[in-house]
Amino acid sequence: MDFVKEIMPLVIHGEITQALWKINEAQVKLHSEKQIVQHTIDILDPTVLLDMPKYKERKYFSIGEVAKEAAVSTSAIRHWEKEGLLRPSRNKESKFREFSVHDIRKIFIIRTVQRAVFSLGIVKEVLEGFDNNDISHTREIAVSILQHIDGILLEQIKGIASFNNLLNIVRQGTKI
């Protein structure tokens, strides 16, 4: 509904191109989210990240690097650490956080599960299973999130079709 509230004033004011770009932007965001969830599923296999050159060459990563990789804010990572979801090591000299490949995988899992509006308790449960090598449960949840995203895509396409019908009515001069 929030999206419709954003689009309708544009249509009313004849700013159709702007409305179309907003719709396009929503689809791009959904596609990006799908890619991140798919990447999360892929990296549940512990060898996937370790086969990537940037992860082979280094043992630890900074909070900024990890945040950029997972498309989350550094403050979100700090919050997750405060909540006990993460326990990165600290550099003995600089005291900066050092994130391992295992930590990076956990960050992707947290991000994916939390964005699907699961509670902190569910996130903790999924991470406990992950830490105990119960990858199948974590994978099931990630796959269900991917299916949910597929459902959102279907709803977006239906919305685009309805929007196209609305544009046809507006072009014909019929009052809505």
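This passage walks through a predicted model, looking at one helix and its neighbours, the salt bridges, and a few individual residues.

A good place to begin is helix H9, which covers residues 135-171. With 37 residues at 1.5 Å a residue, helix H9 should span 54 Å, and its end C-alpha atoms are 53 Å apart, so the expected and the modelled values agree. Several residues of H9 are buried: Ile135, Thr138, Ile141, Ala142, Ile145, Leu146, Ile149, Phe163, Leu166 and Leu167. Which helices do the buried residues of H9 pack against? The partners are helix H1 (2-12), helix H2 (16-43), helix H7 (101-115) and helix H8 (120-131). After H9 comes glycine 173, and its phi is positive, near 80°.

Of these partners, H7 can be followed in detail. Two packed helices are described by the angle between their axes and the distance between the axes. For H7 and H9, the axes come within 10 Å and cross at roughly 45°. That angle makes H7 oblique to H9. The crossing in which H7 passes H9 is left-handed. On the H7 side, the residues that meet H9 are Arg105, Ile109, Thr112 and Val113, and on the H9 side their counterparts are Ile135, Thr138, Ile141 and Ile145. Those four H9 residues also appear among the buried residues of the helix.

The next topic is charge pairing. Side chains of opposite charge can pair when their charged atoms come close. In this model the count comes to 10 salt bridges. One of them joins the side chains of aspartate 131 and lysine 106, with an N to O distance of 3.1 Å. This pair links distant parts of the chain, with aspartate 131 in helix H8 and lysine 106 in helix H7, 25 residues apart. Are the two partners buried or exposed? Lysine 106 has a relative accessible area of 7%, under the 20% limit, and is therefore buried. Aspartate 131, at 38% relative accessibility, counts as partly exposed.

Another salt bridge is found within H9 itself, where the side chains of lysine 158 and glutamate 155 meet at 3.6 Å, N to O. Both residues lie in helix H9, three residues apart, which is about one turn of the helix. Lysine 158 is partly exposed, with a relative accessible area of 46%, and glutamate 155 counts as partly exposed at 48%. Elsewhere, Glu33, Arg111 and Arg115 are joined into one network by salt bridges that share partners. A further pair is made by glutamate 81 and arginine 90, whose side chains meet at 3.9 Å, N to O. Arginine 90 counts as partly exposed, at 42% relative accessibility.

Helix H1 offers two residues for a closer look. Phenylalanine 3 lies in this helix and is partly exposed, with a relative accessible area of 34%. Leaving aside residues up to four places away in sequence, phenylalanine 3 touches Lys22, Ile23 and Ala26. How far is phenylalanine 3 from arginine 97? The two are 94 residues apart in sequence and 38 Å apart in space, C-alpha to C-alpha. Isoleucine 12 also belongs to helix H1. Its relative accessible area is 65%, over the 50% limit, so isoleucine 12 is exposed. Between isoleucine 12 and valine 170 there are 9.3 Å in space, C-alpha to C-alpha, although the two are 158 residues apart in sequence.

Finally, two loop residues have backbone angles worth pointing out. Alanine 71 is not a glycine, yet its phi is positive, at about 60°. This alanine 71 is found in the loop between helix H5 (63-70) and helix H6 (74-82), and it is partly exposed, with a relative accessible area of 39%. Lysine 95, likewise a residue other than glycine, has a positive phi near 70°. The loop that holds lysine 95 runs between strand E1 (89-90) and strand E2 (97-98). With a relative accessible area of 52%, lysine 95 is exposed.

Key
Residues are numbered from 1 along each chain as its sequence is written. Side-chain values use heavy atoms; hydrogens and water are left out. The expected span of a helix is 1.5 Å times one less than its number of residues. Buried means under 20% relative accessible area, exposed over 50%, partly exposed in between (1.4 Å probe, protein chains only). Contact means heavy atoms within 4.5 Å. A salt bridge is a side-chain nitrogen of Lys or Arg within 4 Å of a carboxyl oxygen of Asp or Glu. Axes are lines fitted to C-alpha atoms, for helices over the stretch in contact, and angles run from 0 to 180 degrees between N-to-C directions. Angles under 35 degrees count as roughly parallel, over 145 as roughly antiparallel, 65 to 115 as roughly perpendicular and the rest as oblique. A crossing is left-handed if the near helix is turned anticlockwise from the far one by less than a right angle, and right-handed if clockwise.
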